Amino acid sequence: MRKIHVIGIGAGDPDQLTLQAVRALRSTDVFFVLDKGEVKSDLTRLRRDMLDTHIPNGGYRVVEARDPERDRRAGGAAYSPAVGDWRSARAGIYERLIAEELGADESGAFLVWGDPALYDSTLGILEEVLARGAVAFEYDVVPGISSVSALVARHRTGLNRVARPVQITTGRRLAEGFPEGVDDVVVMLDAHQTFRQYAGQDVDIYWGAYIGTPDEILVSGPLAEAGPRIERLRAEARERKGWIMDTYLLRRNPRDA
């Protein structure tokens, strides 16, 4: 039976891999990497650097495939169907890679940024591949250090305050308002800097981009003061690299609840 490891590799720092992740890397015959194109080629390079760091003697293969494009213009009611189409296209690629590149008794691996259980589609896609019935395999999941954990560690703060909840959401959801009854909100996948609409409230922000990589940028402070600086740094970084991955924690003062 083919075996697949879904390995959380942290936010970018090779030192963030767990001992369990390193053991899984060293038991893998073939690593599957989806190439996101020239603009994001450094993401592929970071994966290879991790392999060189933790498997210096080689003995494995890396198989790359082009990641399908997702319709990022789709909004509103069209958003979920667009994501579904993209995931199904990915499932077709995964199915082909496993069937054609992985021997019957070999183990393969997908290296997932952060943690496979947090805002990542790999597990759902593998389940779709299994449901199609064309190729059989077993898989396990190795947790990783998420960008959320790395963010608060770098800012030397916690996710929640005493006896208070914390919520992880997206920029799309934050645009609808602060979650009811929650004053500590972690925001991911925010291409539109939604934090700006809360600049008039007494809110602190803990922001980070490219966390765990040599390009890491960190900013924290009252949102009214830190927000403009984040906007400037974010625009400069995106212009320089062609892409950006950022995460932030908004912490609202109780009197603004």
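In this predicted model, strand β8, residues 203–209, pairs with β9 in the antiparallel sense. Six bridges make up this pairing. Within it, Ala 209 lies opposite Ile 217 of β9. Strand β8 also pairs with β10, again antiparallel. Here seven bridges join the two strands. Val 203 has Arg 252 in β10 as its bridge partner.

Burial of β8 is extensive: six of its seven residues are buried. The strand is therefore largely enclosed by the rest of the structure.

These pairings belong to an open sheet of five strands. The strand order is β6-β7-β10-β8-β9, and the pairing is mixed. Strands β6 (166–170) and β9 (217–222) stand at the edges. Each has a single partner strand, so one side of each is left without a neighbour in the sheet. From one strand to the next, the twist averages 15°.

Two helices pack on this sheet. Helix α5, residues 147–154, touches β7 (184–188), β8, β9 and β10 (246–252). Its direction makes about 60° with that of β10. Helix α7 spans residues 223–241 and touches β8, β9 and β10. The direction of α7 makes about 160° with that of β9. Strands β8, β9 and β10 are thus contacted by α5 and by α7.

The loop between β7 and β8 holds Asp 190. This residue is buried yet has no salt bridge. The nearest side chain of opposite charge belongs to Arg 234 and is 6.4 Å away. A salt bridge would need a side-chain nitrogen of Lys or Arg within 4 Å of a carboxyl oxygen, so the 6.4 Å separation from Arg 234 does not qualify. The side chain of Asp 190 instead reaches the backbone nitrogen of Thr 194, at 2.8 Å. Leaving aside residues up to four places away in sequence, Asp 190 touches Gly 171, Phe 195, Arg 234, Asp 246 and Tyr 248. Arg 234 is thus among the residues in contact with Asp 190, although no salt bridge is formed by Asp 190.

Definitions and conventions. Residues numbered from 1 in each chain as written. Predicted model: local features only at pLDDT ≥ 70, side-chain atom pairs only at ≥ 80, totals over all residues. Heavy atoms only, no water. Pairing = 2+ DSSP bridges. Helix = DSSP H or I, 4+ residues; strand = E, 2+ residues; numbered from the N terminus. Axes fitted to C-alpha atoms, helices over the stretch in contact; angles between N-to-C directions. Contact = heavy atoms within 4.5 Å. Buried < 20%, exposed > 50% of the residue type's maximum accessible area, 1.4 Å probe, protein only. Lys, Arg positive; Asp, Glu negative; His and termini not counted. Polar contact = N/O pair within 3.5 Å; in protein donor to acceptor, adjacent residues only side chain to side chain.
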